[in-house]
Amino acid sequence: MKTRITAAALAALAAGPAAAQGIDETVNQVFANSTGWFVSLIFSNFPGTTFPWIVGWLVVAASVFTLYFGFIQLRAFGHAIALVRGDYSDPNDAGEVSHFQALTTALSGTVGLGNIAGVAVAVSIGGPGATFWMILAGLLGMAAKFTECTLGVKYRNEYADGTVSGGPMYYMVKGFAERGLPGGRILAVMFAIFCILGSFGGGNMFQANQAHAQLINVMGDYPGWITGVVMAIIVFLVIVGGLKSIASVTEKIVPFMAALYVGTALIIIGMNYDMIGQAFQQIFAGAFTNDGVVGGAIGALIQGFRRAAFSNEAGIGSAAIAHSAVRTKEPVTEGFVSLLEPFIDTVVICTMTALVIIITGQLISDPTTGMFVLNEAGDQIRTVTGNTGVALTSDAFSSAFGWFRYILVVAVVMFAFSTMISWSYYGLKAWTFLFGEGQTKELIFKIIFCLFVVIGASASLGPVIDFSDAMIFAMAIPNIIALYLLMPVVKAEMNRYLGRLKSGDIRKYE
Amino acid sequence: MSRKIVVGFDGSDASIRALDFAISRAQAQGDNILIAHVLEWSPYSFLTPSEVEERHRRRKEELQRAEAAILTPMVKRVEDAGIPCATTLRYGHIAETLCRIAKDEGAAMIFIGRMGDSGFASRIFGSVAATLAQVAPVPVVIVP
């Protein structure tokens, strides 16, 4: 009897350090169990295929908008850059938010761990071919972004004190009413609910999760809830305590981090210039033929589109919230500016990540057959170090510069943080749309938001990424329905503006 | 014909000295004065989403405050000295905006006070007075 007690005491003592890990496991378990059903619903396949219907939903929408607006992403690309440079800005409006600021603010919400970690997930499951589909999705997504941001500005609410609120909830309600369409409010409520959950998922947990992953990758293993609590406290200080200095410091560092990231990627690609041809060959071949990845070319397509949509958020509706706060006389100019977002986010930054992973040979293939080798679980390609997510990107960058992992950890935390700040704003807008404005109501949202930071850092990547994706894609369901119904409004705005531009009615300021 | 003198004014002691000196010159030569107040602003800075939302309201507040606290009392000061006076309130890079005002208004001169920083900070960040001396389209009077 006595020995048994001693043994139990010893076991309890031994379990001391393990108890900390136990918190992570419990969080993970509860989280996976409670969200699984929704994830399966969103990612269920078209009957009789292995193709998730939600991916089809996004691809078809982006393609429809591209055709309907006559490849606006190509036609207006130059004009969008001129707008961002301020060529068409009235000097008397100086002091208002410029197009450049609107673009960078919206970008800081989308350039996040989707670009660094999400892409690594895409190529490790879907192979290099996923890159092709990701770029295509980015290019098509530009038209979707154009549509939603134009609507976001056109149907925003302007208040007497000069502040504005906008986003899909508002174009659903006001736009539908204007056109005599039913169901605007129902869609708006649906969107707002998904947006709140999305702000907990992709805009929060996924960021915290991958920030923690990179921290332990560099500093050694420790429990996720510690990172979670620290990040949650900082986020809390900013969004509840109004500690603006942290937010503005982040906003100022993030663009430089992004430039540093792309610059380093270009250097690594340049150092391996002899591999570029082969990398692109793998990207094209993998996009259309089976190179051994799970699901073959279709598997690559699914991953490419999934991660592109997650990263650039085109068709999701989040950017419409960010852009609608901008003062502009022509709503469509904000649409033009916003179409640069998926381009910068996906076509440039995501592609850089993918190229570095492919070029530095992180994905293991069979030398005799050229087919990629799967890991033991058989769900993704075997990588040199066995890592995935942000750790895989870190491996790829560190294979060229060993010290880059330390820069990456700073970049990752910054990106994660700025994305969280942006999404806390999007979530809050949806929250106040549902429950009305008021200090207590807003505080409740902000506290829940911080709790999810802790959960995100504690849970493991699988359930977090599934939940994050599911919520982000769920936002696309009501949003894209609204975009289809309201796209004639955008077309009328666009044609009127382009007509005035052509006739010289709208011209550059010197 | 009376000429127009632009006085770059930011409410500092140095800018008050510049204004007083401009008043004394204007009295001697029958000129009129345009008090220009420029709020530092770059369209290429980075903002958080809530800053974007509040920007329009803040801008209105900033303009009202500048008008009431800085420009209105100075107009009285100039007009009491018997000199015709106008004001302008702009956002932008300070030196560049003063040059633009001088050009647009067909001004004959720019008067400006200097902060007198000779140290490290002005070497790094440059000073408005030094920049104006380099790039202004009209003669610049720098008042110590």
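This is a guided tour of a predicted model, moving from the sheet of chain B to the cores, the contact between the chains and three buried residues of chain A.

**The sheet of chain B**

Begin by selecting the strands of chain B, where 5 strands form an open sheet in the order β3-β2-β1-β4-β5, with parallel pairing. At the edges of this sheet stand β3(B) and β5(B), the latter spanning 140-143, and because each has a single partner strand, one side of each is left without a neighbour in the sheet. From one strand to the next, the twist averages 25°.

Next, add helix α1 of chain B, residues 13-29, which packs on the sheet and touches β1 (4-8), β2, β4 (109-113) and β5 of chain B. If you draw axes for this helix and for β4(B), their directions make an angle of about 145°.

**From β2 to β3 in chain B**

Now select residues 32-40 of chain B, which are strand β2, together with residues 85-92, which are strand β3; the two pair in the parallel sense over 8 bridges. To follow the register, show B:A36, whose bridge partner in β3(B) is B:T88, and then B:L39, whose bridge partner in that strand is B:Y91. Adding helix α2 of chain B, residues 49-80, completes a right-handed β-α-β unit made by β2(B), this helix and β3(B).

**The enclosed strand β4**

Move to β4(B) and color its residues by burial: 5 of the 5 are buried, so the strand is largely enclosed by the rest of the structure. In a regular strand, side chains alternate between the two faces of the sheet. Here B:M109, B:F111 and B:G113 point one way, while B:I110 and B:I112 point the other way.

The neighbours of this strand can be shown in turn. On one hand, β1(B) runs parallel to β4(B) and is joined to it by 4 bridges, with B:V6 having B:I110 as its bridge partner. On the other hand, β4(B) pairs with β5(B), again in the parallel sense and over 4 bridges, and in this pairing B:I112 stands opposite B:I142.

**Two nonpolar cores**

Turn to the nonpolar residues, and select A:I42, A:F146, A:Y171 and A:F336, which have the most contacts inside the largest nonpolar core, a set of 157 residues. Helix α20 of chain A, residues 461-503, supplies the largest share of this core, namely 20 residues. Centering the view on A:F146 shows a residue that, leaving aside those up to four places away in sequence, touches A:F69, A:I72, A:V332, A:G335, A:F336, A:S338, A:L339, A:V490 and A:M494. A second, separate core has 21 residues, among them B:I5, B:I83, B:F111 and B:V143.

**Where the chains meet**

Show both chains and select the contact between them, which takes 20 residues from chain B and 31 residues from chain A. About 2,400 Å² is buried between the two chains, and carbon and sulfur atoms give 58% of that area. On the chain B side, select B:F46, B:P49 and B:E53, the residues that lose the most area to chain A, together 31% of what that side buries.

Staying with the contact, select A:E96, which is placed in the loop between α4 (77-85) and α5 (99-110) of chain A. Is this residue buried or exposed? A:E96 has a relative accessible area of 12%, and since the cut-off for buried is under 20%, A:E96 counts as buried. Beyond residues up to four places away in sequence, A:E96 touches A:Q101 and A:R327 in its own chain, and B:W41, B:R55, B:H56 and B:R59 across in chain B.

**Two further buried residues of chain A**

Select A:Q380, found in the loop between α16 (340-359) and α17 (390-398) of chain A, where its relative accessibility of 14% makes it count as buried. Apart from neighbours within four places in sequence, A:Q380 is in contact with A:S124, A:I125, A:V294, A:V373, A:L374, A:N375, A:N387 and A:T388.

Finish at A:D24, which lies in helix α1 of chain A, residues 2-42, and which at 10% relative accessibility also counts as buried. Which residues does A:D24 touch, not counting those up to four places away in sequence? They are A:P223, A:G224, A:W225 and A:S458. As a last distance to display, the C-alpha atoms of A:D24 and A:G201, 177 residues apart along the chain, are separated by 17 Å.

Note on methods:
Residues are numbered from 1 along each chain as its sequence is written. Chains are lettered from A and ligands numbered from 1 in the order in which they are written. This is a predicted model: local features need pLDDT of at least 70, side-chain atom pairs count only at pLDDT 80 or more; totals for chains, interfaces and linings use all residues. Side-chain values use heavy atoms; hydrogens and water are left out. Two strands pair if DSSP finds at least two bridges between them. A crossover is right-handed if, with the strands pointing away from the viewer, the path from the first strand over the helix to the second runs clockwise. Axes are lines fitted to C-alpha atoms, for helices over the stretch in contact, and angles run from 0 to 180 degrees between N-to-C directions. Contact means heavy atoms within 4.5 Å. A nonpolar core is a set of buried Ala, Val, Leu, Ile, Met, Phe, Trp, Tyr and Cys residues joined through side-chain atoms within 4.5 Å. Buried means under 20% relative accessible area, exposed over 50%, partly exposed in between (1.4 Å probe, protein chains only). Buried area is the accessible area (1.4 Å probe) that two parts lose on being put together, summed over both.
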